[in-house]
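Please look over the sequence and the model below. A short tour of selected places follows it.

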Amino acid sequence: MAGGRDHGGGVDDAVARYGGRRADWIDLSTGINPVPYPVPALEAGVWTALPDRAAQQGLIDAAREFWGVPDDAAILAAPGASSLIARIPGLAPAGRVHIPAPTYNEHAAAFAAHGWREGDDTPDARVLVHPNNPTGGWYSSDDLGAPFTVIDESFCDVSPYQSLVSYADREGTLILKSFGKFWGLAGLRLGFAIGPQALIDRLREMLGPWAVSGPALAIGTMALSDRGWAADTRTRLNEDAAHLDALMVRAGAGVVGGTSLFRLYRVDDAAAWQDRLAQHHVWSRIFPYSDSWIRLGLPAPDSWARLEQAI
C-alpha cells in the first residue's frame, strides 16, 4: 500500500525557491475557505481553565443539530480530523482495506502504519473521501458494504444535502468531519468523528482527556450554530468557484472537477503551470501521479486581480 504523504501547503519551501516574503504569497494549494468565520472575543476563562463538561457538550449538541446526526449515533470532537485519521485503523484488526484512488493520501498512510494491506476484493475496510479530494466525486449508500467503512466528509459542508451522515448509526461506520476547511479556521485544529457509540468510545480513549482546547470548543459551538453564515458562505463559494473556472478555461485549462473550495484542472504541463504561477508568488497544488492535473483553492477577495494577472 502506498503510504507516501504529499500535501498542499509548503509555502515556506516555495518562498525559499522563488523569493519574496511569506505574507506576499497567495496560497491556493489547500482547500481552506479564504474568508473565515469571524472569531469574536472570548472570555478569559476559555483560555485559562481546563475545558469543562458543559462546554464540551455544547459543542457536541451544536454539531448534532448542524449535521442532522442520528439520535443513536455518537459524536467525538478531536484536535483536527488528521488526529482521527491516524488512529482510526487501530479500531479493527488489520486486514485488507480498499481506498479508491486517487484521493487524499493520509488514509492510505495511516492504514499502512497499522499493518493493513491494500485490496479491493471483498475488503475488510473501505475508506471513501466524500466528496473526493481532488476530483470532487461523490459516493452513495451503495458503496457502504465493507464491515468497517470510513466516510471522510471533510469537504462535504459545501453540499450538505449529499452527506451520508444518516448512516452514521450503522455498525462499523464512521463519518469524519473537518471544521477548519469550510469555516476557514484550519489553525484552530478541530474535527469530528460520528458513528456507533462503541467505536466512538474507543476513539475517545485513544485521544485522552481534554483533547479539544477551550477556544476551539467555544468558537466551534458558535460557528456550528450560525446557519445564516453557512448559507451565505455556500453561495459565495459557488460564485467564486465559477469565477475561477472561467479564468482558467480562458487560459486554456480544462475543468476536471473539484468542489466549491478547490478546483481541479487539466493542463498541458502541470509542473510548468505551477512554476509560472509561483513566479507571481501564487502557490498551487500538483500531484505525483499526474503530469496534467493542477488544483487551485479559492483566493481571498482582495487577491483576484493578482491571480488573474498570474494566470
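This report takes a helix pair, then several single residues, then some backbone features. The model is predicted.

## Helix 3 against helix 7

Two packed helices are described by the angle between their axes and the distance between the axes. Here the pair is helix 3, residues 53-67, and helix 7, residues 214-224. Their axes come within 9 Å. They cross at roughly 25 degrees. Because that angle is under 35 degrees, helix 3 runs roughly parallel to helix 7. The crossing of helix 3 and helix 7 is left-handed.

Which residues make the contact? Helix 3 contributes A55, Q56, G58, L59, A62, A63, F66 and W67. Helix 7 contributes L217, G220, T221 and L224. Sorted by class, the contact of helix 3 with helix 7 has eight nonpolar residues and four polar ones. It has no charged residues.

## How helix 7 is covered

Helix 7 is mostly covered. Eight of its eleven residues are buried. They are G214, P215, A216, L217, I219, G220, A223 and L224. Among these, L217, G220 and L224 are also part of the contact with helix 3.

What lies over the buried residues of helix 7? The cover includes helix 3. It also includes helix 2, residues 44-48, and strand 8, residues 191-195.

## S178 in strand 7

S178 belongs to strand 7, which spans residues 173-178. Is S178 buried or exposed? Its relative accessibility is 5%, so S178 counts as buried.

The S178 side chain makes a polar contact with the side chain of K181, at 3.3 Å. Leaving out residues up to four places away in sequence, S178 touches A81, S154, D157, W183 and L190.

## A230 in helix 8

A230 is part of helix 8, residues 227-250. Its relative accessible area is 1%, so A230 is buried. Setting aside neighbours within four places in sequence, A230 is in contact with F66 and F182. F66 was met above, on the helix 3 side of the contact with helix 7.

A230 can also be placed relative to W183. The two are 47 residues apart along the chain. Their C-alpha atoms are separated by 8.2 Å. W183 also appears among the residues that S178 touches.

## L261 between two strands

L261 sits in a loop. Strand 9, residues 254-258, lies on one side of that loop in sequence, and strand 10, residues 262-266, on the other. With a relative accessible area of 1%, L261 is buried.

Which residues does L261 contact, beyond neighbours within four places in sequence? They are G31, I32, N33, F155, V158, K181, F182, L237, G297 and L298. One of them, K181, is the polar partner of S178. Another, F182, is also in contact with A230. L261 and T233 are 28 residues apart along the chain, and their C-alpha atoms are separated by 11 Å.

## P100 and two cis peptide bonds

P100 lies in the loop between strand 3, residues 96-98, and helix 5, residues 106-113. Its relative accessible area is 18%. The cut-off for buried is under 20%, so P100 is buried. Beyond neighbours within four places in sequence, P100 is in contact with V127, L128 and Y139. P100 and V249 are 149 residues apart in sequence. From C-alpha to C-alpha, they are 28 Å apart in space.

The loop between strand 3 and helix 5 also holds P102. The peptide bond from A101 to P102 is cis, with omega near 0 degrees. Where is P131 found? It is in the loop between strand 5, residues 125-129, and strand 6, residues 148-152. The bond from H130 to P131 is cis, again with omega near 0 degrees.

## Positive phi at R189 and H281

R189 has a positive phi, near 60 degrees, and is a residue other than glycine. It is located in the loop between strand 7 and strand 8. R189 is partly exposed, with a relative accessible area of 39%.

H281 is not a glycine, yet its phi is positive at about 60 degrees. It lies in the loop between helix 9, residues 270-279, and strand 11, residues 282-283. H281 is buried, with a relative accessible area of 18%.

How values were computed. Residues numbered from 1 in each chain as written. Predicted model: local features only at pLDDT ≥ 70, side-chain atom pairs only at ≥ 80, totals over all residues. Heavy atoms only, no water. Helix = DSSP H or I, 4+ residues; strand = E, 2+ residues; numbered from the N terminus. Buried < 20%, exposed > 50% of the residue type's maximum accessible area, 1.4 Å probe, protein only. Polar contact = N/O pair within 3.5 Å; in protein donor to acceptor, adjacent residues only side chain to side chain. Contact = heavy atoms within 4.5 Å. Axes fitted to C-alpha atoms, helices over the stretch in contact; angles between N-to-C directions. Parallel < 35°, antiparallel > 145°, perpendicular 65-115°, else oblique. Left-handed = near helix turned anticlockwise from the far one by under 90°. Nonpolar A, V, L, I, M, F, W, Y, C, P; charged D, E, K, R; others polar.
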